[in-house]
Amino acid sequence: MDSTTSTLFQSAHPEGLISIDPLELKFPLELKKQICCSFQLSNKSDKHVAFKVKTTNPKKYSVRPNNGIVLPRSQSNVTVTMQAQKEVPSDMQCNDKFLVQSVAAPVGATLKDITPEMFNKEAGNHVEECKLKVAYVSPPRPPSPVREESEEETSENTTAVSRGSSEHQITSAKANELISALTKEKQSIIQENNRLQQELKLLKRGPRRNNGSGGLSIYYVVLIALLGILLGCYISS
């Protein structure tokens, strides 16, 4: 297409059918790897708009879709795939360009209704055109690798966790044994205290034969008092 039949604009006309974003395709250049970049077509009108994408280097790029219909007040995405490159330009410059042509289409038009004649200016069609630049950029840096634990470190960590768990189990077992022993001792003291109280009642009911029997009663009273004190200490603990 020569300059008499086409005019290339840096951006779509403010009153045009569509707007394009971005106007520069940036490819993070990596050798021996296909790289994709996309741009969006926004239909600002109430008409159906047909579009067509051309490039100065068709062997290097694949465009999907390279033509289509953008519905009124809607958007359409176009993906450009650059073939794997074998070497990086020394100056990281790229002279490749893309041309996006757009034209009003009949109401209800679909992809099969698009024809080359629709984009022919010589036939009197109003064709809008927008040129997109291509730029190479450095690829993003990979994230710092996360240091993995060696087998020895993993084994040590596992052993430490197991040791801590075992110590906790042993401590819990000892505490349970101590609680059980104290509970049994408490019950034993309570039973002994009850038995002594019953004997004391029997002694009080019976006749006093001699001074020895009176001394025995005082002995039991003192013993019961001591047991009561011990019982109170265990209960409070």
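Leaving aside neighbours within four places in sequence, which residues is Tyr 61 in contact with? The points below, on a predicted model, begin with that residue.

1. Tyr 61 and its contacts. Beyond four places in sequence, Tyr 61 is in contact with Phe 27, Thr 55, Val 80, Thr 81, Met 82, Cys 94, Asp 96, Phe 98, Val 134 and Tyr 136. Tyr 61 is also among the residues with the most contacts inside the largest nonpolar core, together with Phe 27, Phe 39, Leu 41 and Phe 98.

2. The nonpolar cores. The largest nonpolar core has 26 residues. At least two residues of this core come from each of β1, β2, β3, β4, β5, β7 (75–82), β8 and β9 (128–137). Apart from it lies another core, of 7 residues, including Val 103, Ala 105, Ile 114 and Met 118.

3. The sheet of 4 strands. This open sheet follows the order β1-β3-β7-β5, and its pairing is antiparallel. Its edges are formed by β1 (18–21) and β5 (61–64); each has a single partner strand, so one side of each is left without a neighbour in the sheet. From one strand to the next, the twist averages 20 degrees. Within this arrangement, β1 and β3 run antiparallel and are joined by 4 bridges.

4. The sheet of 5 strands. A further open sheet has the order β2-β9-β8-β4-β6, with mixed pairing. Here β2 (24–28) and β6 (67–70) stand at the edges, and because each has a single partner strand, one side of each lacks a neighbour in the sheet. Neighbouring strands of this sheet are turned against each other by 25 degrees on average, direction ignored. Strands β4 (residues 48–55) and β8 (residues 97–105) pair in the antiparallel sense over 8 bridges. In this context, Phe 51 stands opposite Ser 102 in β8.

5. The surroundings of Asn 43. Asn 43 lies in strand β3 (residues 35–43), and Ile 18 stands opposite Asn 43. Is Asn 43 buried or exposed? Its relative accessible area is 4%, which is under the 20% limit, so Asn 43 counts as buried. The side chains of Asn 43 and Ser 45 are joined by a polar contact of 2.7 Å. Not counting residues up to four places away in sequence, Asn 43 touches Leu 17, Ile 18, His 48, Val 49, Val 70, Leu 71, Pro 72, Arg 73 and Ser 74.

Notes:
Residues numbered from 1 in each chain as written. Predicted model: local features only at pLDDT ≥ 70, side-chain atom pairs only at ≥ 80, totals over all residues. Heavy atoms only, no water. Buried < 20%, exposed > 50% of the residue type's maximum accessible area, 1.4 Å probe, protein only. Polar contact = N/O pair within 3.5 Å; in protein donor to acceptor, adjacent residues only side chain to side chain. Contact = heavy atoms within 4.5 Å. Pairing = 2+ DSSP bridges. Axes fitted to C-alpha atoms, helices over the stretch in contact; angles between N-to-C directions. Core = buried A, V, L, I, M, F, W, Y, C linked by side-chain atoms within 4.5 Å.
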